[in-house]
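Student: I've got a model open and I'd like to talk through its strands and any enclosed space. Can you walk me through it?

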Amino acid sequence: MFTGLIQETGEVAALERSGSQTRITVSAQVIATELKTGDSVAVNGVCLTAVETGEGKFSADLAQETQERTSLGKLKAGALVNLELPARAQDRMGGHVVQGHVDGTGSLVSLEKIKYHEDWRLVIEIPQELEKYVAPQGSIAVEGISLTVAAVERTRVEIAIIPHTWKATNLKALKAGDHVNIEVDVLAKYAEKMARGKAAGGGMTVADLVRRGF
């Protein structure tokens, strides 16, 4: 589990393709020193497993589904990526529950500085099937960043970006039309499932959720 609080930005050093599989290598001064083979790491919001580590770099393999569902397979050497290690049990939950399981890719419409303010306004277009999970003041992960939705108009989502997020993530390197990884709030998915079950005369109770570890 992750929190969506980016710990470091790294740089794609290489993308090596072999058949249907791609190995991504990322340069990261801090996180690479904390990783060992088999550890999980979120790259642009995608939970990956480190298969090689050392010398300020780590590598992970991208399965075919990962390449199809996320933007990682479209990255090129030199691209800036957001990195986060899994949350520890004793960590503060500063963002929201982020699984690293990307629901789809959206596209960046615009990212502009708000006039007379230090904040930025991010506008993204999300897949239509994800629209029902996004609500004003709700949580959403974009490129692995825990963000709060400011406004929603159909599939267009607006998000306020504070100066720290602008400086500490890869948002500053993106441009209009770029693909971005989207993970909606997992609680919204369970709320929908519970509502469907209730409508069908059954459903999942709070006790059921507790038994499943939530």
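Student: Along strand β11, which side chains point to one face and are buried?

Tutor: Keep in mind that this is a predicted model. Strand β11 covers residues 156–161, and its side chains alternate between two faces. R156, E158 and A160 point to one face and are not buried. Buried here takes under 20% relative accessible area, and the side chains on the other face that count as buried are V157, I159 and I161.

Student: Which strands make up the closed barrel, in order?

Tutor: The pairing in this barrel is antiparallel, and six strands close it. From one strand to the next, the twist averages 45°. Reading along the barrel, the order is β7-β8-β11-β10-β9-β12.

Student: Back to β11: how many bridges does it share with strand β8?

Tutor: Strand β8 spans residues 120–125 and runs antiparallel to β11. One position to look at is L122, which stands opposite I159 in β11. Counting the bridges between β8 and β11 gives six.

Student: And on the β10 side, what is the bridge partner of V149 in β11?

Tutor: β10 and β11 run antiparallel and are joined by four bridges. I159 was the β11 residue opposite L122, and its side chain is one of those that are buried. The β11 partner of V149 is that residue too, I159.

Student: In the hairpin of β10 and β11, which residue in the turn has a positive phi?

Tutor: The hairpin leaves two residues between β10 and β11. One residue in that turn has a phi of about 55°. That residue is R154.

Student: What stands opposite V142 in β10?

Tutor: V142 belongs to β9, residues 139–142. β9 pairs with strand β10, residues 145–153, in the antiparallel sense over four bridges. The residue opposite V142 is I145.

Student: Now the enclosed space: which element gives the most to the lining of the largest cavity?

Tutor: The structure holds one cavity of 30 Å³ or more, with about 30 Å³ of space in it. Its lining includes V142, G144, N181 and E183. Two elements give two or more residues each, β9 and β12 (179–184). With three residues, the one that gives the most is β12.

Student: How many residues of that lining are charged?

Tutor: Among the lining residues are E143 and E183, and Glu counts as charged. The lining also has four nonpolar and four polar residues. The charged ones number two.

Note on methods:
Residues numbered from 1 in each chain as written. Predicted model: local features only at pLDDT ≥ 70, side-chain atom pairs only at ≥ 80, totals over all residues. Heavy atoms only, no water. 1 Å grid on protein atoms, 1.4 Å probe; cavity = no way out; pocket = protein on both sides within 12 Å on 5 of 7 lines; lining within 4 Å. Points joined across faces, edges and corners; volume = space filled by probe spheres on them. Pairing = 2+ DSSP bridges. Axes fitted to C-alpha atoms, helices over the stretch in contact; angles between N-to-C directions. Buried < 20%, exposed > 50% of the residue type's maximum accessible area, 1.4 Å probe, protein only.
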